[in-house]
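Student: I would like to go through this structure with you slowly, asking at each step what a term rests on. Could we begin once it is in view?

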Amino acid sequence: MNDRRLEIIIGRLLQIGVLIAAATVFAGGVLYLTQGQRGRVDFRNFTPDSSDLHSFAGIVHSAVHFQSLGLIQLGLLLLIATPVARVAMAVVGFALERDRLYTVVSLIVLLVLAASLIHAG
Amino acid sequence: MTAWEFSAVVWGLSFLAGFLGALTGLGGGVVVVPALTLALGVNIKYAIGASLVSVIATSSGAAAAYVREGFSNIRIGMFLEIATTLGAILGAFLATRVGTHALAIVFGLVLIQAAVQSFRGNKGGDHPVDSDALATRLRLGSSYPVDGNTQEYGVRNVPAGFGLMFGAGTLSGLLGIGSGAVKVIAMDRIMRIPFKVSTTTSNFMIGVTAAASAGIYLSRGFIDPRVAMPVMLGVLGGALLGAKVLVHARVQTLRAVFAFVVLALAIEMIVSGITGKV
């Protein structure tokens with residue numbers, strides 16, 4: 001296992017992750033637009049309501065009931081997960097290379113990401 | 001506007017932004033946010049939320065292509081991500097505290113910087129340097145392909161580069177952009193990393209940096225699915241097409257035109273911020 005092989009594998013996995021995320025967002029979007037959206041939309045004012053779409057549990061709950069906005073948010077969550085997965089795979093890769101310094105470096109980045117994502121938990 | 005009209009217009013604008021962003025290397029976010037706020041009257045907090053998500057999509061989507069070229073340096077990227085992710089968390093918290101007018105003005109100033117850097121063009125291309133003591137201990141130096149040969153390069157000024165990367169992360173979290181321009185300055189100009197390595201490693205870092213703000217954006221309601229859906233699908237599609245035609249395009253002229261557009265948007269953003277229109 002060398003750096004380059006590791007990066008190529010990671011790059012491919014990321015691409016697949018992005019495609020799955022985009023497909024999920026697209027499916028949610030089609031559902032949203034075909035469910036008779038007749039009213040006007042206006043995003044002039046910042047009114048963060050519908051808070052069930054602002055947490056992991058709420059999004060998953062909404063998505064498994066095939067609610068359109070929940071599906072879109074689930075796709076976006078998958079997308080946000082791709083760089084996190086990239087860092088996690090780097091931790092494993094550096095550990096396999098027995099590169100202690102960079103295993104620790106990538107672990108620190110992973111912890112910072114986790115600390116930030118806990119906010120949406 | 002109806003939901004259909006809004007989604008279609010936003011998708012089209014985002015596709016164009018992603019396409020031009022990929023061709024010019026400025027990224028889609030710098031155009032998407034002003035387009036949404038100035039042309040469609042979308043609140044800037046929803047706009048930067050949607051932009052942040054699309055930044056992650058283009059970074060992760062392009063990763064495989066960049067890796068194949070063999071320029072990106074995963075060690076430099078990972079080490080500097082400690083700085084960018086911490087900065088991104090700070091920036092995202094600031095974004096939840098700062099008012100929309102102030103956000104618009106700061107955004108405009110960053111756009112001016114991006115346009116100016118684009119006008120100057122990307123020279124880079126200095127001779128590779130030897131690593132200094134700290135960079136040697138961190139094993140940041142590596143090699144990259146040049147005309148079929150392998151060119152070794154070193155890294156300098158790690159603390160200064162690390163500090164500027166924290167600033168790049170803060171801007172990214174505050175404005176929902178990749179801030180690739182600042183990342184490239186930190187690596188190319190300050191740390192003396194070859195330009196090709198700097199730009200591809202910057203792309204690698206952009207997605208991870210953005211992910212560090214995403215949790216805070218999500219929990220504070222910046223990411224509205226009705227806005228983010230067409231933006232993400234549009235920017236991603238445009239960026240993928242842009243990467244495909246990049247090889248054949250004459251980028252110099254396009255870059256200059258795009259820089260003018262960005263400059264115009266910057267002035268409009270600042271004026272709108274000051275007069276309270278955004």
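Tutor: Let us start with a caution, which is that this is a predicted model. With that in mind, the crossing of helix 8 of chain B and helix 9 of chain B is right-handed, and the residues of this contact divide into five nonpolar, six polar and two charged.

Student: What makes helix 8 of chain B and helix 9 of chain B oblique to each other?

Tutor: Helix 8 covers residues 180–190 and helix 9 covers residues 195–219, and the two pack at an angle of about 135°, with their axes 9 Å apart. Angles over 145 degrees count as roughly antiparallel and those from 65 to 115 as roughly perpendicular, while angles under 35 count as roughly parallel and the rest as oblique. The pair falls in none of the named ranges, and the two helices are therefore oblique.

Student: Which residues of the two helices meet?

Tutor: On the side of helix 8 of chain B they are Gly180(B), Lys183(B), Val184(B), Met187(B) and Asp188(B). They meet a set in helix 9 of chain B that includes Phe195(B), Ser198(B), Thr199(B) and Ile206(B).

Student: Why is helix 8 of chain B described as largely enclosed by the rest of the structure?

Tutor: Eight of its 11 residues are buried, so helix 8 of chain B is largely enclosed. Among the buried ones are Ala181(B), Val182(B) and Ala186(B), and the buried residues of this helix pack against helix 5 (100–120), helix 7 (158–175) and helix 9 of chain B.

Student: How do you know whether Arg192(B), just after that helix, is buried or exposed?

Tutor: The test is a count of neighbours, and a residue is buried if 20 or more other C-beta atoms lie within 10 Å of its own. Arg192(B) has 22 such neighbours, so it counts as buried. Its place is in the loop between helix 8 and helix 9 of chain B, and it has a positive phi of about 60° although it is not a glycine.

Student: Phe66(A) also has a positive phi, near 55°, so how is its burial class decided?

Tutor: Phe66(A) lies in the loop between helix 2 (56–64) and helix 3 (68–96) of chain A. It has 11 other C-beta atoms within 10 Å, and since a residue with 12 or fewer is exposed, Phe66(A) is called exposed.

Student: What makes Met1(B) partly exposed?

Tutor: Met1(B), in the segment before helix 1 of chain B, has 15 other C-beta atoms within 10 Å. Partly exposed is the class between 12 or fewer and 20 or more, so that is the class Met1(B) receives. Leaving aside its neighbours within four places in sequence, Met1(B) is in contact with Arg40(A), Val41(A) and Phe6(B).

Student: Where else do the two chains touch, and what does chain B bring to that contact?

Tutor: The contact takes 52 residues from chain B and 51 residues from chain A. On the side of chain B, the elements that give two or more residues are helix 1 (3–24), helix 3 (44–69), helix 4 (74–97), helix 9 and helix 10 (225–245). The largest share, 12 residues, comes from helix 3 of chain B, and the residues of this side divide into 32 nonpolar, 13 polar and seven charged.

Student: Why is chain A called more spread out than a compact globule?

Tutor: Chain A has four helices and zero strands. Its radius of gyration is 18 Å, well over the 14 Å that the globule rule gives for 121 residues, so chain A is more spread out than a compact globule. Along its principal axes, the C-alpha trace of chain A spans about 60 × 25 × 25 Å.

Student: How do you know that chain B agrees with the value for a compact globule?

Tutor: Chain B contains 11 helices and two strands. A compact globule of 278 residues would have a radius of gyration near 19 Å, and chain B has 18 Å, which agrees. Of the residues of chain B, 60% count as buried, whereas for chain A the figure is 40%.

Terms used
Residues are numbered from 1 along each chain as its sequence is written. Chains are lettered from A and ligands numbered from 1 in the order in which they are written. This is a predicted model: local features need pLDDT of at least 70, side-chain atom pairs count only at pLDDT 80 or more; totals for chains, interfaces and linings use all residues. Axes are lines fitted to C-alpha atoms, for helices over the stretch in contact, and angles run from 0 to 180 degrees between N-to-C directions. A crossing is left-handed if the near helix is turned anticlockwise from the far one by less than a right angle, and right-handed if clockwise. Two residues are in contact if their C-beta atoms, placed from the backbone, lie within 7 Å. Ala, Val, Leu, Ile, Met, Phe, Trp, Tyr, Cys and Pro count as nonpolar, Asp, Glu, Lys and Arg as charged, and the others, Gly among them, as polar. The radius of gyration is taken over C-alpha atoms; the globule rule is 2.2 Å times the number of residues to the power 0.38.
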